Amino acid sequence: MALTKNERRHRIKNRIRKVVSGTEARPRLTVFRSNKEIYAQVVNDVTGVTIAAASSRDKDIAKSKGNKTEVAALVGKAVAEKAIKAGVEAISFDRGGYLYHGRVKSLAEGAREAGLKF
């Protein structure tokens, strides 16, 4: 029997997480995408601490007009600004099992524009 979309994504996510992990010097920028919203957080996996987080539900981002791809870019910029303020300049990108396309790509490009190095 074929896998559901969600089961397939979780398999890919587990495969990615075997390789990508966040350290003190290079934390992990992880993405979660739902049908309506998009969430991003910078995580140090060694200590299990979230350094910075942003989502499309944040007040300043939720007020902005635009399609979901444009909102994802704003989320990327917001999480990058918070991470830089916390002293993080380089990250490893965890796409969370989603294709690097559309909203996920837009979020990554927004974070790069704001100054994060992948």
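These exercises work through the fold and the salt bridges of one protein chain.

The model is predicted: local features need pLDDT of at least 70, side-chain atom pairs count only at pLDDT 80 or more, and totals for chains, interfaces and linings use all residues. Residues are numbered from 1 along each chain as its sequence is written, and side-chain values use heavy atoms, without hydrogens and water.

**Exercise 1. Fold**

Give the order of the elements in the protein chain, then judge its compactness from the radius of gyration.

Step 1. Count the elements. The protein chain has 4 helices and 4 strands. Both are DSSP runs numbered from the N terminus: helices are H or I with at least four residues, strands are E with at least two.

Step 2. Read them from the N terminus. The order is α-β-β-β-α-α-β-α.

Step 3. Compare with the globule rule. The protein chain has a radius of gyration of 14 Å, close to the 13 Å that the rule gives for 118 residues, so it is as compact as a globular protein of that length. The radius is taken over C-alpha atoms, and the rule is 2.2 Å times the number of residues to the power 0.38.

Step 4. Add the burial. Of the 118 residues, 39% count as buried. Buried means under 20% relative accessible area, exposed over 50%, partly exposed in between (1.4 Å probe, protein chains only).

**Exercise 2. Arginine 17 and aspartate 45**

Find what joins the side chains of arginine 17 and aspartate 45, and place both residues in the fold.

Step 1. Identify the link. The two side chains form a salt bridge, 3.6 Å from N to O. The criterion is a side-chain nitrogen of Lys or Arg within 4 Å of a carboxyl oxygen of Asp or Glu.

Step 2. Locate the partners. Arginine 17 sits in helix 1 (residues 5-19) and aspartate 45 in the loop between strand 2 (38-44) and strand 3 (49-55), so the pair ties together parts 28 residues apart in sequence.

Step 3. Check exposure. Arginine 17 is partly exposed at 29% relative accessible area. Aspartate 45 is also partly exposed, at 27%.

Step 4. Widen the view. Arg17, Arg28, Asp45 and Asp94 are linked in a network of salt bridges. The whole structure has 5 salt bridges.

**Exercise 3. Glutamate 113 and lysine 77**

Which helices does the salt bridge between glutamate 113 and lysine 77 link?

Step 1. Take the distance. The closest N and O atoms are 3.5 Å apart.

Step 2. Assign the helices. Glutamate 113 is in helix 4 (residues 103-113) and lysine 77 in helix 3, 36 residues apart.

Step 3. Check exposure. Glutamate 113 is exposed at 60%, while lysine 77 is partly exposed at 32%.
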